[in-house]
Amino acid sequence: MDDLLAFVSPPGCRLGRPLILKALTGSTNDDARALANAGAGHGTVVLADAQTAGRGRLGRAWSSPAGENLYLSVVWRSGLDAIEPPLLALGAGLAVSEALDGFTPTPTAVKWPNDVRHRGRKLAGLLAEAIYRGTQPSAVILGLGVNVRGAVMPEAIAEIATSLRIVRGDDPGRAAVLSSLLERLDATLGRLCADGFGAIRQRLIERCENIGARVSIGEVSGVAIDIDPTGALRVRDDQGVVHAVRAGEIR
Ligand code: BTN
């Protein structure tokens with residue numbers, strides 16, 4: 001992990017101060033949660049070269065081999081009195097997509113709620129976990145996995161996942177990608193917390209590959225028409241009924 005040893009968060013960026021780098025850990029989300037519970041401040045980041053128990057959404061495992069990808073978790077505390085954790089997770093997906101566009105030959109897209117994909121294959125995933133004090137969130141752990149350097153994807157996910165190395169033909173370098181991710185998360189989520197979801201909603205809709213397409217999610221099937229002001233995906237079914245879907249995975 002020599003490429004990450006000298007990493008310093010870009011000037012002016014509030015995320016990655018401090019940044020705790022681990023050669024190997026269970027899950028950076030667990031590490032960041034423990035740090036947050038012990039009082040770690042806004043912007044603390046845990047970054048690992050490899051994870052033995054990386055977790056994805058919906059209880060899935062997240063393959064985390066050494067030396068290849070970015071596995072990081074950000075402790076986010078700012079603005080949580082005004083912005084609900086699911087909106088923060090949506091905003092983070094938007095920020096990651098915008099950051100990765102700097103490293104891909106053609107634009108990436110967001111698959112609602114927050115997968116980042118390139119030409120229909122997953123490049124990055126986000127696992128947001130809130131920590132509550134009573135009914136009020138005191139922190140949100142934004143766990144991010146980005147496929148960076150793998151030249152071939154494992155056979156089991158070769159049809160559905162890709163890496164920056166594969167889409168570009170070369171390795172952009174993990175430090176450069178990390179720098180851009182932290183800057184964009186800071187800027188986009190800062191705007192979200194300051195000005196509300198309305199300030200980024202249109203950018204997210206324009207990037208969401210599902211809008212205008214047929215989707216099935218939970219019990220609902222139909223055409224995704226937009227993302228409403230609460231972050232829900234609005235789907236018009238074949239009877240013309242519009243459903244606001246708040247969670248789940250599009251099939
Ligand atoms: C998903 O798409 O299902 C979300 C994947 C999130 C993976 C990252 S890797 C860093 C952080 N630590 C974890 O255990 N999970 C997240």
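**Close-up 1. The hairpin of β10 and β11 has 5 residues between its strands.** In this predicted model, G240 sits in the turn and has a positive phi of about 90°. The two strands run antiparallel, joined by 4 bridges. Look for R236, which stands opposite V242 in β11; strand β11 itself covers residues 242-245.

**Close-up 2. β10 also makes a hairpin with β9, again with 5 residues between the strands.** Here G231 is the residue to find, with a positive phi near 95°. As for the pairing, β9 and β10 run antiparallel and share 4 bridges. One pair to pick out is I227 with its bridge partner in β10, L233.

**Close-up 3. Strand β10 (residues 233-236) has one covered face and one uncovered face.** L233 and V235 make up the covered face, while R234 and R236 are on the uncovered one. That fits the usual pattern: in a regular strand, side chains alternate between the two faces of the sheet.

**Close-up 4. Helix α6 (residues 198-207) has I200, L204, I205 and R207 as its buried residues.** Seen down the helix axis, these buried residues fall within an arc of 160°, so they line one face of α6. Over on the other side, G198 and E206 are exposed. And what do the buried residues of α6 pack against? Their partners are α3 (85-100), β4 (109-111), α5 (174-195) and β9 (220-227).

**Close-up 5. The largest nonpolar core holds 57 residues.** The members that touch the most others are L70, L72, L88, V96, L100, W112 and L181. Helix α3 gives the largest share of this core, with 10 residues. Both domain 1 (2-207) and domain 2 (214-245) chip in, each with at least three residues. Zoom in on L181 and, leaving aside residues up to four places away in sequence, you'll find it touching L70, V96, A99, L100, L144 and V146. Apart from this core lies another one, of 7 residues, including A32, A36, V46 and A139.

**Close-up 6. C13 and C193 are both cysteines without a disulfide.** The whole structure holds 0 disulfides. For C13, the nearest cysteine sulfur is that of C193, 14 Å away. A disulfide is a covalent bond between the sulfur atoms of two cysteines. Are these cysteines buried or exposed? C13 counts as buried because its relative accessibility is 4%, and C193 is buried too, with a relative accessible area of 13%.

Technical notes: Residues are numbered from 1 along each chain as its sequence is written. This is a predicted model: local features need pLDDT of at least 70, side-chain atom pairs count only at pLDDT 80 or more; totals for chains, interfaces and linings use all residues. Side-chain values use heavy atoms; hydrogens and water are left out. Buried means under 20% relative accessible area, exposed over 50%, partly exposed in between (1.4 Å probe, protein chains only). The arc is that of the directions from the helix axis to the C-beta atoms. Contact means heavy atoms within 4.5 Å. A nonpolar core is a set of buried Ala, Val, Leu, Ile, Met, Phe, Trp, Tyr and Cys residues joined through side-chain atoms within 4.5 Å. Domain bounds come from an automatic or database domain assignment. A disulfide is a pair of cysteine sulfur atoms within 2.5 Å. Two strands pair if DSSP finds at least two bridges between them.
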